[in-house]
Amino acid sequence: MSKAEEAKKLAGRAAVENHVRNNQVLGIGSGSTIVHAVQRIAERVKQENLNLVCIPTSFQARQLILQYGLTLSDLDRHPEIDLAIDGADEVDADLNLIRGGGGCLTQEKIVAGYASRFIVIADFRKDSKNLGDQWHKGIPIEVIPMAYVPVSRAVTQKFGGVIELRMAVNKAGPVVTDNGNFILDWKFDRVHKWSEVNTAIK
């Protein structure tokens, strides 16, 4: 196992050891680090006979929950979440995050927003003084397809930088999210007041 993979495993397992309790509704995030957390949740369910319900943030998270035999549910049945665990692409010194590099933005935000507690798991490679130091692919913005041009213009006019429509690799055309939306990657050219930027983008 590589040093990075070992770090992901440690982060994922630590979150589960320290924060997961019996009779919780868990929000399960997306990405490579979350796999280690789900593995550890499944181990603890077997070892400790825990009663847990899992709400996924994406198709990938849903498949992970099913693969490990955990109880799958949704926000219709469980609109209040005790704890959500998810990853990040970058974390700055003020704990601002870039998230959604893997393309699961909106559902991740909804699940995190309805969780009483939100734990971010990230390995050492994601840690930086300022956003953009480590992650150079820009800030992902999920957008309804018909609005991608006006949203791109609005963001760059207000905050500068460059926006690219994320294109698919093994499919002609743009990446399409689980919600049928497009993803814009905004490559900013300076450090901003991130709370202001976040509000403006939303």
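The domain assignment splits this protein into domain 1, residues 3–126, and domain 2, residues 139–201. Keep in mind that you are looking at a predicted model. Here is a quick tour of how the two domains meet, followed by a look at the cysteines.

**How the domains sit together**

- Measured by nothing but the model's own coordinates, the C-alpha centres of domain 1 and domain 2 are 25 Å apart.
- On the domain 1 side, 14 residues make contact with 12 residues of domain 2.
- Together, domain 1 and domain 2 bury about 850 Å² between them, and 51% of that area is on carbon and sulfur atoms.
- Within domain 1, the residues that lose the most area to domain 2 are Ile98, Leu105 and Gln107, which together account for 42% of what that side buries.

**What holds the interface, in polar terms**

- The count of residue pairs in polar contact between domain 1 and domain 2 is 4, with both partners at pLDDT 80 or more.
- Salt bridges across the interface of domain 1 and domain 2 number 0.
- If you want a place to start browsing, try helix α4 (residues 106–113): it gives the most to the side of domain 1 that touches domain 2, with 3 residues.

**The cysteines**

- You will find 0 disulfides in the structure.
- Cys54 is in no disulfide, as the nearest cysteine sulfur, that of Cys104, is 16 Å away, while a disulfide calls for sulfur atoms within 2.5 Å.
- Cys54 is buried, with a relative accessible area of 1%.
- Cys104 likewise takes part in no disulfide, and at 17% relative accessibility Cys104 counts as buried, since the cut-off for buried is under 20%.

Key: Residues numbered from 1 in each chain as written. Predicted model: local features only at pLDDT ≥ 70, side-chain atom pairs only at ≥ 80, totals over all residues. Heavy atoms only, no water. Buried < 20%, exposed > 50% of the residue type's maximum accessible area, 1.4 Å probe, protein only. Domains from an automatic or database assignment. Contact = heavy atoms within 4.5 Å. Buried area = accessible area lost by both parts, 1.4 Å probe. Salt bridge = Lys/Arg side-chain N within 4 Å of Asp/Glu carboxyl O. Polar contact = N/O pair within 3.5 Å; in protein donor to acceptor, adjacent residues only side chain to side chain. Helix = DSSP H or I, 4+ residues; strand = E, 2+ residues; numbered from the N terminus.
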